[in-house]
Amino acid sequence: MASSTSKLGWYARRLVKMSAAEVASRAEQQALKAVWALPSLRPKASAPLPGRSFRATLPAGALNQFPERARRSVLAAAGEIMAGRLVVLGHVRHDMVSPDWALDPLSGRRAPLAPYCFGIDHREAGLTGNVKQVWELSRLHHLTVLSLAYALSGDEAFAERVAVHLRSWWRANPWLAGVNWTSGIEVGIRLISLAWVRRLLDGWRGAPSLFEEDGEALGQIWAHQRYLAAFPSKGSSANNHAVAEAAGLLVGALAFPWWPESERWASDAARWLEAELARNTFPSGVNREMAFEYHGFVAELAVVAGAEADAAWQPLGDSTWELIARMCDVVAATADATLQPPRYGDGDDGKALVLDPGADRWEALLDTGRSLVGGPDWWPATRPGATSYLLGALAAKHPVPERPLRRPCQFPDAGIAILRGNTADGSELWCRCDSGPHGFLSIAAHAHADALSLEVRHAGAEVLADPGTYCYHDQPVWRAYFRSTLGHNTLEVGGRDQSVAGGPFLWESHASTKLLSLEVCDDGEAAAWAAEHDGYASLEPPATHRRTVRLVKDPGKEGAVTGLELLDELETAGEHPLRLAFHFGPAVEAELDGHKLRLRWEGLAGPQAATLVLPKMLEWRLVKGEARPPLGWYSPTFGLKQPAWAAVGESLAGGPTMLRSELRFNPQEED
């Protein structure tokens, strides 16, 4: 449990990161929250408009050509839910016949559902347990899956289970009571789910009595929108949360236009959403949070809200659809041979809309983009799925003509460069290099201390891997490790991170990174990259880390590559302890032989091997799954971690230094 002193320290550090305007806005919101703490002073729900009905339906016959592969996947997932099982953030819940909306199944704690929501400290794990587990279930994604299963099969058992769960949620979570009302992003995503549940249940005779004819449901849907209109994320917190809140309010106001405020809510939300999408996105289309999973999340929110606006004949502006096209182009350009993009920065598996839990989110996003904004010829092939099919049926087409003519290899404003080539056996060698800003806004909430870090994949297999995220609030030691400099494929100097953390979503100092050079070949692919950062400028004496990465050409086969050369340079007038880390993917087995690492893994085409030649001036050790302190871990998804090999080279006293490494890929295992 956090002490009062540590909490006060966090508040002080957080306050420093706010502008005067943000402080004033937050004070205004706090005053309103204080007023609403008294039930007698809370606004009462407006009387619904007469003659209301649900009109935001799918077009007639929209499900006739639904992809068979997706149909099987949806029905299988719905069958698991009906049997009482659901995977939530990597862990299986077994209470899905009658869910406990307050339960964190990992700790066994039940978060409070009765007190006034703004009096609950959701960051306090001793009170709420792992609040992400509680919140995720109440996003109601499982109900959109059950609703789609009903729409595809006509089996009313799915619809009836949805009704039981929704009425249970209404009763357990009255307006402004409990942990499920403490965060606007949760309210926004839940409102998107409710709109799609009603849409997919439209053929069921019980749908009207579950929604527009039910007083409790009407009160809840109004309350969700009133909440979002009253408490928007602003200032240093206006990141993906603001986008989710705006998207949720827009979808809710358009799908459920049943109140006198609905028209105003919809127009305000559209302006808010378009402004936040532009604010949260670099001109290149990359999300500014420097956390790629949030790039996908924000892009999903944009296409879901855009489709809803089309269905209501109130489309978003052309400039927003052009931005959505650029966001999709970024995913297509950075994805590896298996359609997986980079993993840098935070990620909590947040999704805007879940229709088929078994689908790959990146393939689904690209196929949706192809359906709505078109895909250039260089985009990878994708298969139609539930999301792309249904959003495509709901939305208009928004072709964006001015697109890159060939696959970009860099996004300079975000500091992303992809080095790419083929080894002698035809397998893709993919390397993501980082020379971008630390993060977004003054707190850089979802950034990691990973300047100049690398990811390397061979035929889609992670060889040098980003560690992932694992957790947020409830395990501070693990939170610190997974976003530390030592936890990434880069150089730690002076025994500290490049950027200084002030809390789990707060950075007190931000390393600045500068791209020095990028060598681009005639085919448009990058072959070499160099950059530096100033994250160690505050050391005494100051130090600058500079890194160069180059693809190594195969002398025996024209156009092929054999691996990567890596040069780390430390420019300083004195001496500092150094630690250079290489983190391997979970499928990689590693064996240290002097200053060589033998790497082996099972690839798509069978056994694969590589050799990593390490700098001799460092003392090397190979670690896996150490806990005190953490080292040698990989998080495949939020909430899960597993041991993975890491090599750490250390020098207790080093001056101006040049460290050379080489990663060699072998079509056949070396002797």
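A residue is called buried here when its relative accessible area is under 20%, exposed when that area is over 50%, and partly exposed in between. The structure discussed is a predicted model.

**Helix α10 and its surroundings**

By that criterion, the buried residues of helix α10 are Ala-217, Leu-218, Gln-220, Ile-221, Trp-222, Ala-223, His-224, Gln-225, Tyr-227, Leu-228 and Ala-230. The cover over these buried residues includes α2 (20–36), α7 (156–172), α8 (184–200), α9 (207–210), α11 (240–255) and α12 (262–279). Helix α10 itself runs over residues 215–230, and its 16 residues reach 22 Å from the first C-alpha to the last, close to the 22 Å expected at 1.5 Å a residue. At the start of α10, the backbone nitrogen of Glu-216 has a side-chain oxygen of Asp-214 within 3.1 Å.

**Helices α14 and α13**

Helix α14 (residues 318–334) has 17 residues, which should span 24 Å at 1.5 Å a residue, and the 25 Å between its end C-alpha atoms agrees with that expectation. Because 13 of the 17 residues of α14 are buried, this helix is largely enclosed by the rest of the structure.

Gly-296 belongs to helix α13 (residues 292–311), and Gly-296 counts as buried because its relative accessible area is 0%. Leaving aside residues up to four places away in sequence, Gly-296 touches Arg-361, Trp-362 and Leu-365. Val-286 is ten residues from Gly-296 in sequence, and their C-alpha atoms are 9.7 Å apart in space.

**Salt bridges**

Side chains of opposite charge can pair when their charged atoms come close. A search of the whole structure finds 34 salt bridges, among them the three pairs tabulated here with the distance between their closest N and O atoms.

| Pair | Closest N and O atoms |
|---|---|
| Arg-198 and Asp-202 | 3.0 Å |
| Arg-579 and Glu-492 | 2.8 Å |
| Glu-532 and Arg-546 | 2.9 Å |

In the salt bridge of Glu-532 with Arg-546, Glu-532 lies in strand β12 (residues 526–536) and Arg-546 in strand β13 (residues 543–553), so the pair ties together parts that are 14 residues apart in sequence. Glu-532 has a relative accessibility of 18% and therefore counts as buried.

The salt bridge between Arg-579 and Glu-492 links distant parts of the chain, with Arg-579 in strand β15 (residues 576–583) and Glu-492 in strand β8 (residues 491–493), 87 residues apart. Arg-579 is partly exposed, given its relative accessible area of 23%, whereas Glu-492, at 5% relative accessibility, counts as buried.

In the pair formed by Arg-198 and Asp-202, Arg-198 counts as buried at 3% relative accessibility, while Asp-202 counts as partly exposed at 34%. Beyond these pairs, Asp-336, Arg-432, Glu-455 and Arg-457 are linked in a network of salt bridges.

**A nonpolar surface patch**

On the surface, Val-35, Leu-38 and Leu-41 form a nonpolar patch, and together these residues have about 250 Å² of accessible area. Val-35 is placed in helix α2, and because its relative accessibility is 37%, Val-35 counts as partly exposed. Helix α2 is also one of the elements that cover the buried residues of α10.

Methods:
Residues are numbered from 1 along each chain as its sequence is written. This is a predicted model: local features need pLDDT of at least 70, side-chain atom pairs count only at pLDDT 80 or more; totals for chains, interfaces and linings use all residues. Side-chain values use heavy atoms; hydrogens and water are left out. Helices (H or I, at least four residues) and strands (E, at least two) are DSSP runs, numbered from the N terminus. The expected span of a helix is 1.5 Å times one less than its number of residues. Buried means under 20% relative accessible area, exposed over 50%, partly exposed in between (1.4 Å probe, protein chains only). Contact means heavy atoms within 4.5 Å. A polar contact is a pair of N or O atoms within 3.5 Å; within protein, one must be able to donate a hydrogen and the other to accept it, and residues adjacent in sequence count only if both atoms are side-chain atoms. Patches are made of residues with over 30% relative accessible area and no salt bridge: like charges are joined within 9 Å, nonpolar side chains (Val, Leu, Ile, Met, Phe, Trp, Tyr) within 5 Å. Accessible areas come from the Shrake-Rupley method with a 1.4 Å probe; for residues, only the protein chains shown count as cover. A salt bridge is a side-chain nitrogen of Lys or Arg within 4 Å of a carboxyl oxygen of Asp or Glu.
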